[in-house]
Amino acid sequence: MKHQEFLINLFHAAVDAADSVLALKPHIPDKPRGKTVVIGAGKGAAQLASAFETLWQEKHGDAPYEGVVVTRYGFGVPCEKIKVIEASHPVPDQNSVAGANALFQAVDGLTEDDLVIGLICGGGSALLIAPEDGLELSDKIALNEALLASGAPISAMNIIRKACSKIKGGRLAKAAYPAQVMNFIVSDVPGDSPHEVASGPTVPSDADNHSALTAIADYGIEVNEKIKAHIVRASSIPSPTDIEFQNLATKVIASNACSLEAAADYAKAQGYETVILSDAIEGEAREIAKMHGAMVREIITRNRPFKKPVVLLSGGETTVTLSNHAGKGGNNSEFMLSLAIELDGVDGFSALAADTDGIDGSESNAGAFVNGKTASKMRAAGVNPRAALKRNDSWTAFDAIDGLFSPGPTGTNVNDFRVILID
């Protein structure tokens, strides 16, 4: 098996482990006395909704249900009874507002006999926009752009988002009270905290407005004064102890950890020693790549801390602090460009980093491939890899050498997937 084919097979093993039907099947609840309402958001929400319909019918036949989910443009799939709304990601648009409004309408006027099924996965933060009073969509777009450019970890971004929203931080679940809410979460965040996924529209957290202001200061996030003033005077973020959450149950049904374990099982079946470094790596993509590169050099030259041949797997969510908004590429492509520079001329390894949803940032690729010849190929194609990294233009650098990995939307999202094969 060729190395690149092997890396791709590992990626698909990871993605398949987060398959919507397999993840949801053990968790389909009994019918309630009242209505069943499905709500959801995220880049894999439509696939989750379609899986729910199939599994609900298998268990309950023609028992009625209704609902609405919001996903990214191009990520929708046909559903029989659940309405699918598509909106913009990673920067929200008017459909993000319409989607949030539709979810609120879906849970309006429910009773304690009714059941709400929450299908939540990564990407929902941009896909659901319900600005607090005094803020407009334009303010939320500017905030989202500032957060994406800041390099701040997802936890810090989400605290700020919750302080400026009518739907995040558990507010959608609060609106469904007194109905029972059962959340099924596909986690794309390090540590798998349910309230972090999609900024927790149906899961409350201990975040507060002071925490949001602290995050802005700590990470030097350039938000306008209107946003800061709003956070100061805004109502408090809901607390998990609020009475409206007494009928709430939450289950993480798929995660980066499970996907990495599935990839490891595949690699071991092919005869490779396999190490999962971590499923919760955070930090600047180019710096995390240097750490991985140093480990690869150590293994190749000194056969430590792991002996060759070996497969290194890792996940989590790296970030990119933008210095040039004209560059193309996401955090996985930037990780790989930095790795290509770090391991320029080093023989004996092949690597792939990709977003498990199939889309890395705003482009159509999921990530890229790298080996010891990648940087020299870029130079031969007229691309200076260090200059490309400096201007955050990893997509252009890999496109020039046909090094992009573009599987298309996968229907799930369990964060970044990285694999390095040292042969």
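These entries record what I looked up in this structure, which is a predicted model.

**Entry 1: Thr-36**

I began with Thr-36, which lies in strand 1, residues 36-41. Is Thr-36 buried or exposed? I noted a relative accessibility of 3%, so Thr-36 counts as buried, the cut-off for buried being under 20%. I then listed its contacts, leaving aside neighbours within four places in sequence; among them are Phe-52, Trp-56, Tyr-65 and Leu-115.

**Entry 2: Aromatic rings**

Two of these contacts, Trp-56 and Tyr-65, led me to the ring pairs. I found that the structure holds eight aromatic pairs. For Trp-56 and Tyr-65, the ring centres are 6.3 Å apart and the planes stand at 70°, so I recorded the pair as edge-to-face. Trp-56 and Tyr-65 are both buried. I also noted a cluster in which ring pairs link Phe-11, Phe-369, Phe-405 and Phe-417.

**Entry 3: The six-stranded sheet**

I turned next to an open sheet of six strands, with mixed pairing and the order 7-8-12-9-10-11. Which strands form its edges? They are strand 7 (273-284) and strand 11 (404-405), each of which pairs on one side only. Strand 11 pairs with strand 10 (residues 367-371) in the antiparallel sense, over two bridges. Within this pairing I looked up Gly-367, whose bridge partner in strand 11 is Phe-405. Helix 11 (residues 256-269) packs on the sheet and touches strand 7, strand 8 (310-319) and strand 12 (416-422). The direction of helix 11 makes about 150° with that of strand 7.

**Entry 4: A charge over a ring**

Finally, I looked up Arg-418, whose charged end sits over the ring of Phe-335, 5.4 Å from the ring centre.

Definitions and conventions
Residues numbered from 1 in each chain as written. Predicted model: local features only at pLDDT ≥ 70, side-chain atom pairs only at ≥ 80, totals over all residues. Heavy atoms only, no water. Helix = DSSP H or I, 4+ residues; strand = E, 2+ residues; numbered from the N terminus. Buried < 20%, exposed > 50% of the residue type's maximum accessible area, 1.4 Å probe, protein only. Contact = heavy atoms within 4.5 Å. Pairing = 2+ DSSP bridges. Axes fitted to C-alpha atoms, helices over the stretch in contact; angles between N-to-C directions. Phe/Tyr/Trp six-rings, centres within 6.5 Å; stacked < 30°, edge-to-face > 60°. Lys NZ or Arg CZ within 6 Å of the ring centre and 35° of its normal.
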